[in-house]
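Q: Could you take me on a close look at one part of this model, the place where strands from two chains meet? I would enjoy a connected account that starts with the strand pairing and then works outwards.

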Amino acid sequence: MTTWNEYAEEHGTLPEWPYPIRYEMESEIAADVLIVGGGVAGCHAAISAARQGAKVVLAETGNAKRSGAGGAGVDHWHGACTNPCSQVTPLAYTQACMDSAHGYTNGIVRYIVCNESWDTLLECEAMGVQIRDVHDEFKGADFRDEATKLMFAYDYQNRHVIRVWGFDIKPRLYSEMERLGVQICNRTVVTSLLTDGGRQGGRVVGATGINMRTGEFYVFKAKATIIASGGAGRLFSFAPEMTAAGTMSNMNAAGTGHAIGWNAGAEFVLMEQTGPGVLAGFGYAPYSMGNCHNTYHGVSIVDADGKEVPWFDKFGRQLQSVEERFLPGPGQPFHLGPGIGIAGYLPQYHVNDLTADLAQRIRNGEFKLPLYADLTRLSELERKCIWGMMVGNEGKTRIPIYDTLGRGGFDPNKDMLQAPVMAPENYDVSCFWVGARMPTVRSMGAGGFLVDWDLRTSLEGLYAAGTSPVFGAGCHGESHTMGRYAARKAAAYARTRPHAPIDRRQVEAQKALAYRPLRQSKQGVGWKELNAAVARVMSDYCGRYKNEVTLNRGLSLLRELKENEGAAAYAANPHELGRTLECFSLISVGEMVLQASLARKCSSAHLDFSRLDYPQMDPVEWQKLLPIRQEEGRVAVRELPLDFHLRAPYAATYEENYRRVAAASAGRS
Amino acid sequence: MSQTVYMMPNAPAPSRGMRFNPQLCTGCNSCVEVCPTDVMMPNPEKQKPPLVLYPEECWFCGACIEECPCDGAIRMLHPLGQNISVNWKRKDTGEYFRLGMKNPPPPNTTPPSGGR
């Protein structure tokens, strides 16, 4: 007996809710530093703040031991420009990111990460994460440094992306949090930020939340708060019955941090950027199908008759050997590597890839489907590294892929793993397991909190860390690094300020909203129906193409969902209650995306942003950031140059800004 | 064939997430405790395997299995719609295999790199 259905059928009765019900019970939890979100950014932030001597509370929707997008593991670590083997400087890497994104990414974060991600990785090593080939399994490989035993990915010459055995990185962070006395509040859905005097735009002084197992209400009181939560993976599409197995963003990704920040009056940028929803989960189990992207970078792809698909560099030169796939070619100072939160790369920084006209060559019969990933064509060490080191440590691969396919009899020394069978145009991205592109499904882009050189948001007392909450921020290692950095700043701030009083009216209002779904008629919609309706509004009215009318209609429809069906939504237990409250977060994030889209009155190739009423692509006068916030419930928009981080009040260079902030808090975690 | 037939809802998703082996599972609920999305609930009967209540919220990360102290007590079950897609071809013989096939090739027992 395993499922609820089996239990009910065997017993003829329903199992009672297994946890004590504590509706309406309230607990106050005080901290110097409160962290919202227990993914890798939040956990590393908690460790860093605790090492600064702060009393730390971490609130997490799941269980921080394994939760978050990075909770299922990691196999490579980007931006480690200060590791002893790196041939790339922090400045060169930062500039490559900024140029590739045409300015629409976060120079502050990129530069901080390049300077500190190696130090952050060393901290992970000290916690027990394997980051070197200590067992000499790969001795003599092109990608290994014999002195340090470090191993590198994508660009074996410049050596700034480090391969790591990170399948257990989350439990190791968790143990360290426990050792340092961090108070971990698992199963907590955070519902709002509390502000000084309850005023939108005031200093952030705490938060409210609900326990998803017991329904208990929490009032968090904090001198400083760090948002380290996930993205809004359920915003543009919601079909978990079909997509949960295929996505890299789990159900907890409801954009909670964005939503509570928006409602507290914080400023956001680039929320108008969305992209094709390739990771929305309508494809295949991640990494389960033949491909040559990311973790599988460099694998040979062959067709049904065993004919190999050629590799090219991004200047159109055909590569002659397997070894060249891992090296920059003429005119390429270094490769940046995929998966760092940048929509496109300049050719001089782009990794090598399959021939760009593969779709056409499939159509004209040159390559016969299905395609296969043939790992046997790699050197033994390369094959062993991809299958066993990378697949085996990357998120959702150790049990789901390495263990499962191994049990099924797959042997990379003998077998070729089939790619999905799809329409030819879907092979133009070599990450084949994401499947066919769904034209109506979008996913969030680089949007997030606007932050300064302290990773502080526009609100006093509120900091942000992590790939999702901070605009233009990167990947797994970047999240750790931001958490570690933001926590130093937040802890330093907390040392200078006492607790502010909590505004009781604000708490009571939040409490009433939090318990409303329990008091409704059972005829009210459930959370899944509500979520699906939000996703429908977003995909229709804020999809690939939009105009002033559709965006305004989308806003009206979201408001209706909030005030009518949402206000009457029914929840039967604490789990459904938590998921229902997350739907209100999704509505807030949706409002923000629609408002940001209204504010940008142009189209942009760089942002994959199409306004039918303003079709001109990237006119010079619109090449800027448009920070949006709420002020007394009304939306306020201002303008900010793309290089705001190198203008007053900041210094004119990356080095000088970084020196200043480092000097301002000499303590290192 | 004389058992009582109940009105039951359809299974909530075209997947089950995982399967417990009641001979090996001790009902310690370590998996329940660690699951990021609370897919499972403790069984009302002590020492029995947990109940999969929300299979549609499982994102197939494997945390339950990594946490499980009893090797083999939990098996991940990818949706059949995905298992049927995971195919491979043996290069030398041209044989086709797929995940979950009836007479699979012998398991590949090579441990992952790192020795853990």
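A: Happy to. In this predicted model, strand β15 of chain A (residues 415-418) and strand β5 of chain B (residues 87-90) run antiparallel and are joined by 3 bridges. One residue pair to find on screen is Asp415(A) with Arg90(B), its bridge partner in β5(B).

From there, step further into chain B. β5(B) is also joined by 3 bridges to strand β6 of chain B (residues 96-98), and these two strands run antiparallel as well. Here Trp88(B) has Phe97(B) as its bridge partner in β6(B). β5(B) and β6(B) form a hairpin with 5 residues between the strands, and in this hairpin Gly94(B) takes a positive phi near 75 degrees.

Now put the pieces together. The strands belong to an open sheet of 5 strands, with antiparallel pairing, in the order β11(A)-β14(A)-β15(A)-β5(B)-β6(B). The edges are held by β11 of chain A (300-302) and β6 of chain B; each has a single partner strand, so one side of each is left without a neighbour in the sheet. If you look along the sheet, neighbouring strands are turned by 35 degrees against each other on average, direction ignored. As a reminder, strands of a sheet pair through backbone hydrogen bonds, either parallel or antiparallel.

The sheet is a good way into the wider contact between the chains. On the chain B side, 59 residues are in contact with 61 residues of chain A. The elements of chain B that give two or more residues to this side are β1 (17-20), α1 (30-34), β3 (51-52), α2 (63-67) and β5. The largest share comes from β5(B), with 4 residues. By class, the side of chain B that touches chain A has 33 nonpolar, 15 polar and 11 charged residues.

For the setting on the other side, turn to chain A. Its secondary structure comes to 16 helices and 22 strands. The radius of gyration of chain A is 24 Å, close to the 26 Å that the globule rule gives for 669 residues, so chain A is as compact as a globular protein of that length. Taken along the principal axes, its C-alpha atoms fill a box of roughly 70 × 65 × 55 Å. The domain assignment gives chain A a domain 1 (294-434) and a domain 2 (510-619), and the C-alpha centres of these two domains lie 37 Å apart.

One helix pair in chain A rounds off the tour. Helix α2 (residues 40-51) and helix α11 (residues 476-496) of chain A have axes that come within 7 Å and cross at roughly 35 degrees, and the crossing is right-handed. Among the residues making the contact are Ala41(A), Ala45(A) and Ser48(A) of α2(A), along with Met482(A), Gly483(A) and Ala487(A) of α11(A). By class, this helix contact has 9 nonpolar, 7 polar and 2 charged residues.

Definitions and conventions:
Residues numbered from 1 in each chain as written. Chains lettered and ligands numbered in written order. Predicted model: local features only at pLDDT ≥ 70, side-chain atom pairs only at ≥ 80, totals over all residues. Axes fitted to C-alpha atoms, helices over the stretch in contact; angles between N-to-C directions. Left-handed = near helix turned anticlockwise from the far one by under 90°. Contact = placed C-beta atoms within 7 Å. Nonpolar A, V, L, I, M, F, W, Y, C, P; charged D, E, K, R; others polar. Pairing = 2+ DSSP bridges. Domains from an automatic or database assignment. Rg over C-alpha atoms; globule rule 2.2 N^0.38 Å.
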